[in-house]
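Open your viewer, keep the selection box handy, and follow along from stop to stop.

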Amino acid sequence: MMAIAMADVLQPEPMTLEQWADMDDDEPGELVDGVLVEEEVPTNLHELIVSWVSYALMTWAKERGGRVFGSDHKLGVSARRGRKPDVTVYAPRTKMSWQASLSRIPPLIVVEVISRRARDVRRDRAEKLGDYARFGVRWYWLVDPEARLIEVLELGADGRYTIAMQASTERVAVPGCEPLELELADLWKTVDEAMAEGDEEEEESGEG
């Protein structure tokens with residue numbers, strides 16, 4: 001069992017996976033070892049990147065009959081653990097229970113956009129890495145805005161992830177998603193433009 005820092009606990013009373021799944025969408029938290037813990041608090045920039053990635057994956061998946069879900073989609077990754085990836089992609093012809101409040105079916109792809117807090121970096125790169133591997137998620141994407149880097153990890157037969165692709169600013173073909181290509185220069189241009197607009201707003205609000 002992985003130790004949970006008390007500062008991360010939202011509800012100390014034990015909770016089942018079913019109870020967590022039935023929580024309202026606007027109630028935050030993920031389930032770790034039967035305890036409700038805080039999840040990442042997304043910034044506007046974080047959500048902008050999530051939208052960019054989601055659009056690319058939805059365009060690719062729609063033509064093939066796949067399904068793409070947003071950050072409120074709940075995964076029951078084990079009997080006492082529940083996660084909510086930033087983006088979740090299911091392979092074509094995946095049979096799902098559409099009335100269920102969580103999925104126990106391993107998706108083809110999960111995507112996490114890494115935030116700046118050390119706690120969030122550790123969660124995405126270590127804790128969730130293990131959870132998704134044990135759950136059987138074939139492809140794990142990590143998008144790091146600080147490093148301007150996208151990593152695509154592939155689950156091997158040994159149950160461990162290995163790096164299938166690392167890319168920064170070039171146009172790249174994404175493994176496991178042929179013929180999807182990502183124009184990463186466009187992603188970071190979108191980020192830079194948004195950041196510049198934010199700086200202009202701050203300057204204007206400080207005038208006078």
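**The nonpolar core**

Start by selecting L57, I109, W141 and L182: of the 30 residues in the largest nonpolar core, these four touch the most other members. Remember as you look around that this is a predicted model. Now colour the elements that build the core. Helices α2 (44–62) and α4 (184–206) each supply at least two residues, and so do the strands β7 (87–90), β8 (109–113), β9 (139–144), β10 (149–155) and β11 (161–167). Which element gives the largest share of this core? That is α2, with eight residues. As a general background to this stop, nonpolar side chains tend to be buried together in soluble globular proteins.

**Along helix α2**

Stay with α2 and select A61, which is found in this helix. Is A61 buried or exposed? Its relative accessible area is 1%, and because buried means under 20%, A61 counts as buried. Next, draw a distance from A61 to V50, C-alpha to C-alpha: the two are 11 residues apart in sequence and 16 Å apart in space.

**A salt bridge between neighbours in sequence numbering**

Now select E63 and R64, whose side chains meet in a salt bridge with an N to O distance of 3.3 Å. E63 is exposed, at 63% relative accessible area, while R64 is partly exposed, at 30%. A search of the whole structure finds 23 salt bridges, and the next two stops show others.

**A bridge between two loops**

Select E38 and R117 and zoom in on their side chains, which form a salt bridge at 3.8 Å, N to O. E38 sits in the loop between β3 (35–37) and α2, and R117 in the loop between β8 and α3 (118–135), so the pair ties together parts that are 79 residues apart in sequence. Turn on the surface here: E38 counts as buried at 17% relative accessibility, whereas R117 is partly exposed at 38%.

**A buried pair and its network**

Go on to R83 and D131. The closest N and O atoms of their salt bridge are 2.8 Å apart. R83 belongs to strand β6 (residues 81–83) and D131 to helix α3, so to speak two distant parts of the chain, 48 residues apart. Are these two partners buried or exposed? R83 is buried, at 1% relative accessibility, and D131 is buried too, with 3%. Widen the selection to D8, E30, D33, R81, R83, E112, R119, E127, K128, D131 and R134: salt bridges that share partners join these residues into one network.

**Out to the surface**

Switch to a surface view and select D24, D25, D26, E27 and D72, which form a negative surface patch. To place D24, look in the loop between α1 (17–21) and β2 (30–32). The relative accessible area of D24 is 46%, so D24 is partly exposed.

**Last stop: helix α4**

Finish at E193, in helix α4. E193 is partly exposed, with a relative accessible area of 42%. For a long view across the model, draw a line from E193 to V9: their C-alpha atoms are 36 Å apart in space, and the two residues are 184 apart in sequence.

Conventions. Residues numbered from 1 in each chain as written. Predicted model: local features only at pLDDT ≥ 70, side-chain atom pairs only at ≥ 80, totals over all residues. Heavy atoms only, no water. Patch = residues over 30% accessible without salt bridge, like charges linked within 9 Å, V, L, I, M, F, W, Y side chains within 5 Å. Areas by Shrake-Rupley, 256 points an atom, 1.4 Å probe, with all protein chains shown as cover. Salt bridge = Lys/Arg side-chain N within 4 Å of Asp/Glu carboxyl O. Lys, Arg positive; Asp, Glu negative; His and termini not counted. Charge placed at Lys NZ, Arg CZ, Asp CG, Glu CD. Helix = DSSP H or I, 4+ residues; strand = E, 2+ residues; numbered from the N terminus. Buried < 20%, exposed > 50% of the residue type's maximum accessible area, 1.4 Å probe, protein only. Core = buried A, V, L, I, M, F, W, Y, C linked by side-chain atoms within 4.5 Å.
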